[in-house]
Amino acid sequence: MDARCPSCGSTLVELGEDQWPAEGPVPPGTLAVFQCEQNHRITVGQTQVQA
């Protein structure tokens with residue numbers, strides 16, 4: 001099953017760390033960055049839950 005962009009529905013492709021956006025900071029704890037054909041970017045990070 002292909003991952004789909006929640007904004008436009010096109011296929012998401014995982015970017016290597018060397019391809020992460022240079023024009024803005026990637027949030028701390030980012031595990032992966034994905035980009036779709038329409039240049040929407042999705043970041044996946046660690047869950048920050050405290051009890």
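In this predicted model, Cys-36 is buried, with a relative accessible area of 5%. The closest cysteine sulfur to that of Cys-36 belongs to Cys-8, at 3.7 Å, which is too far for a bond. Cys-5 is buried as well, with a relative accessible area of 4%. The sulfur of Cys-5 has its closest cysteine sulfur in Cys-36, 3.9 Å away, and this too is too far for a bond. A disulfide is a covalent bond between the sulfur atoms of two cysteines. Here the cut-off for calling one is a sulfur pair within 2.5 Å. By this rule, the count is 0 disulfides.

Cys-5 and Cys-36 both belong to the largest nonpolar core. This core has 5 residues, and its other members are Leu-12, Ala-32 and Phe-34. The most is given to the core by strand S2, residues 30-36, which supplies 3 residues. Strand S2 is itself mostly covered, with 6 of its 7 residues buried. Across the protein chain, buried residues make up 24% of the 51 residues.

The overall fold can be described next. The protein chain has 0 helices and 3 strands. Read along the sequence, the pattern is β-β-β. The C-alpha atoms fill a box of roughly 35 × 25 × 15 Å, taken along the principal axes. Among contacts between residues at least 6 apart in sequence, 25% join residues at least 24 apart.

The 3 strands form an open sheet in the order S1-S2-S3, and the pairing is antiparallel. Strand S1 (12-15) and strand S3 (41-45) stand at the edges. Each of these two has a single partner strand, so one side of each is left without a neighbour in the sheet. From one strand to the next, the twist averages 30 degrees. Strands of a sheet pair through backbone hydrogen bonds, either parallel or antiparallel.

The pairing of S1 with S2 comes first. These strands run antiparallel and are joined by 4 bridges. Leu-12 stands opposite Cys-36 in S2. Leu-12 and Cys-36 are also both members of the largest nonpolar core. Further along, Leu-15 has Val-33 in S2 as its bridge partner.

The pairing of S2 with S3 follows. Here 5 bridges join the two strands, which again run antiparallel. Val-33 stands opposite Thr-43 in S3. Val-33 is thus named in pairs on both sides of S2, with Leu-15 and with Thr-43. S2 and S3 form a hairpin, with 4 residues between them.

The turn of this hairpin holds Asn-39, in the loop between S2 and S3. The phi of Asn-39 is near 70 degrees, a positive value in a residue other than glycine. Is Asn-39 buried or exposed? At 53% relative accessibility, Asn-39 counts as exposed. The cut-off for that class is over 50%.

Two residues of S2 show what surrounds the strand. Ala-32 is a member of the core. Leaving aside neighbours within four places in sequence, Ala-32 is in contact with Glu-14, Trp-20, Ile-42, Thr-43 and Val-44. Thr-30 also lies in strand S2. Thr-30 is buried, with a relative accessible area of 15%. With neighbours within four places again left aside, the contacts of Thr-30 are Trp-20, Thr-43, Val-44 and Gly-45. Trp-20, Thr-43 and Val-44 thus appear in the contacts of Ala-32 and in those of Thr-30.

Where does the side chain of Thr-30 reach? It reaches the backbone oxygen of Pro-27, at 2.6 Å. Pro-27 lies in the loop between S1 and S2. At 42% relative accessibility, Pro-27 counts as partly exposed, whereas Thr-30 is buried. Pro-27 and Gly-9 are 18 residues apart along the chain. Their C-alpha atoms are separated by 24 Å.

Key
Residues are numbered from 1 along each chain as its sequence is written. This is a predicted model: local features need pLDDT of at least 70, side-chain atom pairs count only at pLDDT 80 or more; totals for chains, interfaces and linings use all residues. Side-chain values use heavy atoms; hydrogens and water are left out. A nonpolar core is a set of buried Ala, Val, Leu, Ile, Met, Phe, Trp, Tyr and Cys residues joined through side-chain atoms within 4.5 Å. Buried means under 20% relative accessible area, exposed over 50%, partly exposed in between (1.4 Å probe, protein chains only). Contact means heavy atoms within 4.5 Å. Two strands pair if DSSP finds at least two bridges between them. Axes are lines fitted to C-alpha atoms, for helices over the stretch in contact, and angles run from 0 to 180 degrees between N-to-C directions. A polar contact is a pair of N or O atoms within 3.5 Å; within protein, one must be able to donate a hydrogen and the other to accept it, and residues adjacent in sequence count only if both atoms are side-chain atoms.
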